[in-house]
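Reader: Could you help me learn to read a protein model at the bench? I would like the general idea for each feature, and then the case in hand.

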Amino acid sequence: GINAEYGPNCIFGIADNHVYTSKTTAKQVRRNTLSQVAVLLALGLDPERVVLYKHSAVLQHTALAWLLSTAATSGLMTRLRSLPQYKEKCKVHDNLGLLTYPVLMSADILLYKGTHVPVGEDQNIHIEFCNSIAQYFNTMYKQKVFEPVSQLLTTTPRVKSLADPTLKMSKSYGKPSGVIGMLDTDDQIRKKVKRAVTDSHGAITVDPEERPGVYNLLRLLSAVSDEDFGEVCLRYEGGNVVVLKSELSDCFIEKIGPIRDRAGEMLNDVGYINKVLDAGAEKASGIAKRNLDEIYRTIGLK
């Protein structure tokens, strides 16, 4: 179970500081924070075993981000700004936070002396950035303040959008119709999968270059059903895309439905969610203060 995999040394942070790099409202931020926590609890995370909190409740995140920014060279930042996902975001949003959010992301990790971070394959560049900035910081102060961070990938390291299989499934950019949400209704899931971009080539063939939409559906089905990808391909080679979409919808609903329903029950008790966040913030603040004080002593602020 999830609690056997994630124990007391695991920290789950709701990255609410980062949402302001795109246009949002106070109401949306509060609603999305509560929803994210409800989903994590519905998935089975035990707040008594792990640390579950929101970043904004621990001020040391932004304090460390400022210190790390002094170790972020222009070369590092230029490399990040060349990434396709960065350029996509800049088409819609234009603010200083988009230039510096990778530094804050690094602070989110290094503040807790994180060693392993479960992220998608597309975030590899950010983990490399985090390690580079940590190394620069260590070199500046001639001490090993930070240890290297490793990326944890699942068997499905990159989930692609239903609306555009060349992009990742993301709420930050792209069409909302390309994203399956953990709180989506059964009807919403069926509509999104039914409208998923494929092609007009007819019978199914497995070709990620020529038929990325169909390939994406096969990948998603393997991930959601826990069936080996090769077996999924064998079953559907020469098959019908409509049938594939129907099975994928059923699998999404079977997997997400119970989680959505439990999360909905959680959202009926906002008081409990806030208690979980408050308790988590207290735990996280204790760790963060201790670690930041150590950093302050190293660099002369204490």
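Author: Happily! Let us begin with a term: a residue is buried when its relative accessible area is under 20%, exposed when that area is over 50%, and partly exposed in between. Keep in mind that this is a predicted model.

Reader: Thanks. Which residues of helix α10 are buried?

Author: Helix α10 spans residues 229–236, and Phe229, Val232, Cys233 and Tyr236 are buried there. These residues lie on the same side of α10, because they cover an arc of only 100 degrees around the axis.

Reader: What covers the buried residues of α10?

Author: The cover includes α9 (212–225) and α11 (241–267). Phenylalanine 229 has a further partner: the charged end of arginine 219 sits over its ring, 3.7 Å from the ring centre.

Reader: Now strands, please. How should I read the side chains along one?

Author: In a regular strand the side chains alternate between the two faces of the sheet. Strand β1 (residues 11–14) shows this: Phe12 and Ile14 point to one face and are buried, while Ile11 and Gly13 point to the other and are not.

Reader: How many bridges join β1 to β2, and do the strands run parallel or antiparallel?

Author: There are 4 bridges between β1 and β2 (residues 51–54), and the two strands run parallel. The chain gets from β1 to β2 through helix α2 (residues 26–42), in a β-α-β crossover that is right-handed. As for single partners, isoleucine 14 is bridged to lysine 54 in β2.

Reader: And aromatic rings? How many aromatic pairs are found in the whole structure?

Author: The search finds 4 aromatic pairs. One of them joins phenylalanine 137 and tyrosine 141, with 5.0 Å centre to centre and 45 degrees between the planes, so it counts as tilted. Phe146 joins Phe137 and Tyr141 in one aromatic cluster.

Reader: Why are phenylalanine 137 and tyrosine 141 separated by about one helical turn?

Author: Here is the general idea: an α-helix has 3.6 residues a turn, so residues three or four places apart point the same way. Phenylalanine 137 and tyrosine 141 are 4 residues apart in helix α7 (residues 124–141), which means about one helical turn lies between them. Phenylalanine 137 is buried at 1% relative accessibility, whereas tyrosine 141 is partly exposed at 28%.

Reader: One last residue: what does alanine 288 touch?

Author: Alanine 288 is in helix α12 (residues 270–299) and counts as buried because its relative accessibility is 0%. Leaving aside residues up to four places away in sequence, alanine 288 touches Val58, Gln60, Leu111 and Tyr112.

Methods: Residues numbered from 1 in each chain as written. Predicted model: local features only at pLDDT ≥ 70, side-chain atom pairs only at ≥ 80, totals over all residues. Heavy atoms only, no water. Buried < 20%, exposed > 50% of the residue type's maximum accessible area, 1.4 Å probe, protein only. Pairing = 2+ DSSP bridges. Right-handed = clockwise from strand over helix to strand, strands pointing away. Phe/Tyr/Trp six-rings, centres within 6.5 Å; stacked < 30°, edge-to-face > 60°. Lys NZ or Arg CZ within 6 Å of the ring centre and 35° of its normal. Contact = heavy atoms within 4.5 Å. Arc of directions from axis to C-beta.
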